[in-house]
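Trainee: Please take a close look with me at one part of this model, and explain how that part fits into its surroundings. I would like the reasoning spelled out step by step.

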Amino acid sequence: MAGELVLLDFWPSPFGMRSRIALAEKGIPYEYREEDLRNKSDLLLQMNPVHKKIPVLIHNGKPVCESVIQVQYIDEVWHDKAPLIPSDPYQRAVARFWVDFIDKKMYELGSKIWKTKGEEQANAKKEFIECLKLLEGELGDKTYFGGESLGYVDVALVPFYSWFYAYEKCGDFSIEAECPKMIAWVKRCMQKESVAKSLPDQEKVYEFILQLKKVFGIE
Amino acid sequence: MSPSLLHKTETTMDEVKLFGFWASPFSRRVIWALKLKGVEYEYIEEDLPYNKSDLLLQYNPVHKKIPVLVHGGKPIAESLVILEYIDEVWPHNPLLPKDAYERSVARFWAKFIEEKTQPMWDFFRKFGEEQQKAIENNYEILRTIEEHGLGDKKFFGGDQIGIADLVFGMVIHMLAPMEEVVGYKFIKADSFPRLHAWVKHFSEHPVIKDNVPDYTKVVDFLKIRREFYRNSQQNS
């Protein structure tokens with residue numbers, strides 16, 4: 001069951017962070033390999049020929065692509081340690097629904113916030129906050145989306161926190177001011193070693209975004 | 001809640017309802033899953049897009065879309081989420097393999113096809129140069145699906161229909177009638193032999209065959225849509 005586990009990843013990727021957190025939560029050792037996305041390795045291209053993207057989880061030589069699929073795979077294979085996905089089918093469906101929602105909204109809206117200006121950026125900020133508020137509603141009074149312990153939705157969402165500072169600087173707004181419950185939840189998550197060690201420093205991410213802006217010629 | 005609404009939502013533990021739209025491949029795949037597993041359900045046709053029922057909006061406040069499955073009064077939205085739920089609650093005639101790795105592969109292809117579905121319909125929505133680009137794009141997508149996804153298998157699920165087959169089923173339900181309206185055919189025996197064989201196997205499956213919308217009706221529906229896109233393009 002343990003076997004050889006390699007994660008092809010890129011340090012600022014919120015998608016890669018999901019798998020890092022899942023593996024850390026379950027205490028599973030693996031080899032982390034940093035990819036240079038301007039110079040993708042032969043291994044990456046061979047293991048993910050369809051998308052040619054990170055993260056790729058390679059287990060005993062076989063690739064699992066797409067972060068949500070990786071987290072489900074990790075949870076199924078190492079099901080006896082720190083379960084992330086609920087066992088009740090309806091609760092699972094609810095968790096999957098919210099992970100799908102996060103996937104449909106967060107990355108694209110976040111990208112618009114740092115890539116655009118003016119009206120487009122203003123609309124993206126507004127929608128981004130609306131999405132976080134919807135998620136706050138789903139969290140309710142729970143400690144985590146998963147209840148008393150970290151769950152699938154927590155793992156899918158918390159990586160975006162590492163990009164919040166960059167969004168706030170580029171968009172000139174405060175996420176905490178608009179969504180205090182969300183930030184309170186983030187802080188609870190960050191107290192867990194599995195999360196704290198899997199997320200890069202927010203300032204580093206911001207510097208990275210500034211570099212990207214230069215490369216893409218965005219002011 | 002008004003008394004009449006209370007009555008509507010009062011259900012038995014086992015009652016299954018599906019809110020759908022006759023022409024939608026997203027609700028169609030849920031019908032296929034329910035039928036493949038012999039699950040009894042009540043179907044509610046939604047009058048899209050301008051006259052969505054209060055119940056639909058109540059059951060899916062986030063996206064306000066069909067399909068929504070309601071089981072014992074509890075709603076589930078998003079077709080892939082619904083398919084996995086159905087597979088877990090009614091595990092016979094499984095849509096997903098038992099092996100964790102094989103499951104990850106099945107989920108990968110279901111997700112890939114799902115994500116490419118709307119782009120694959122661009123050739124129907126667009127005109128001129130944009131349409132040309134969309135047509136080329138479709139060839140690339142279908143080539144990837146045929147080579148990496150289906151390979152030499154009868155179905156994406158192997159010998160039996162699986163979750164990725166139900167998602168790719170939009171090819172018979174929507175892509176084929178779109179091709180007829182536009183006058184362009186993608187999946188031919190010489191261009192995509194394996195996908196062509198898949199279309200035959202899938203459409204001849206007894207459950208699928210008996211549960212496709214009326215082809216002529218879909219074509220007529222799409223002819224109106226095509227004119228709508230043509231007019232929008234001219235006015236933009």
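Mentor: In this predicted model, A:E76 is a good place to begin, and with a relative accessible area of 23% this residue is partly exposed, since a residue counts as buried under 20%. The side chain of A:E76 meets that of B:R103 in a salt bridge, with N and O 3.0 Å apart. Because A:E76 belongs to helix α3 (residues 67–77) of chain A, while B:R103 sits in helix α5 (residues 100–120) of chain B, this pair joins two chains. On the other side of the contact, B:R103 has a relative accessibility of 14% and therefore counts as buried.

A:E76 has a further partner in B:R107, and here too a salt bridge is formed, the closest N and O atoms lying 3.0 Å apart. This pair likewise joins two chains, because B:R107 lies in helix α5 of chain B and A:E76 in helix α3 of chain A. The relative accessibility of B:R107 is 6%, so this arginine is classed as buried.

These pairs are part of something wider, since A:E76, B:R103 and B:R107 are linked with A:R92, A:R96, B:E84 and B:E88 in a network of salt bridges. Another link between the chains runs from B:E84 to A:R96, a salt bridge whose closest N and O atoms are 3.2 Å apart. The side chains of B:E84 and A:R96 also satisfy the rule for a polar contact, at 3.2 Å. B:E84 is found in helix α4 (residues 79–89) of chain B, and this glutamate counts as buried because its relative accessibility is 7%. If the neighbours within four places in sequence are set aside, B:E84 touches residues of both chains, namely A:Q72 and A:R96 from chain A, together with B:L96, B:R107 and B:I163 from chain B. B:R107 thus appears among the contacts of B:E84 as well as in the salt bridge with A:E76.

It helps to set the network against the interface as a whole. Chain A brings 26 residues into contact with 24 residues of chain B, and the area buried between the two chains is about 2300 Å², of which 69% comes from carbon and sulfur atoms. Of the area that chain A buries against chain B, A:V50, A:Y90 and A:F97 supply 27%, more than any other three residues. Alongside this, the rule finds seven salt bridges across the interface of chain A and chain B, and nine residue pairs in polar contact across that interface, with both residues at pLDDT 80 or more.

On the side of chain A that touches chain B, the elements giving two or more residues are β4 (62–65), α3 and α4 (89–115) of chain A. The largest share of that side comes from α4(A), with 11 residues. Sorted by class, the side of chain A that touches chain B has 16 nonpolar, two polar and eight charged residues.

As for the record, UniProt lists residues 88–208 of chain A as "domain: GST C-terminal", in an unreviewed entry. Over those residues the chain is 74% helix and 0% strand, with the end C-alpha atoms 40 Å apart.

For the wider setting, the structure holds 31 salt bridges over all chains. One pair that stays within chain B is that of B:E179 and B:K185, where the closest N and O atoms are 3.7 Å apart. In that pair, B:E179 counts as buried because its relative accessibility is 6%, whereas B:K185 is partly exposed at 45%.

A serine of chain A completes the view: A:S162 lies in the loop between α6 (152–157) and α7 (164–171) of chain A, and counts as buried at 1% relative accessibility. Its side chain reaches the backbone oxygen of A:P159 at 2.7 Å, and, apart from residues up to four places away in sequence, A:S162 touches A:M17, A:L199, A:P200, A:Q202 and A:V205.

Note on methods. Residues numbered from 1 in each chain as written. Chains lettered and ligands numbered in written order. Predicted model: local features only at pLDDT ≥ 70, side-chain atom pairs only at ≥ 80, totals over all residues. Heavy atoms only, no water. Helix = DSSP H or I, 4+ residues; strand = E, 2+ residues; numbered from the N terminus. Buried < 20%, exposed > 50% of the residue type's maximum accessible area, 1.4 Å probe, protein only. Polar contact = N/O pair within 3.5 Å; in protein donor to acceptor, adjacent residues only side chain to side chain. Contact = heavy atoms within 4.5 Å. Salt bridge = Lys/Arg side-chain N within 4 Å of Asp/Glu carboxyl O. Buried area = accessible area lost by both parts, 1.4 Å probe. Nonpolar A, V, L, I, M, F, W, Y, C, P; charged D, E, K, R; others polar. UniProt positions renumbered as here; feature names shortened; annotations may be inferred.
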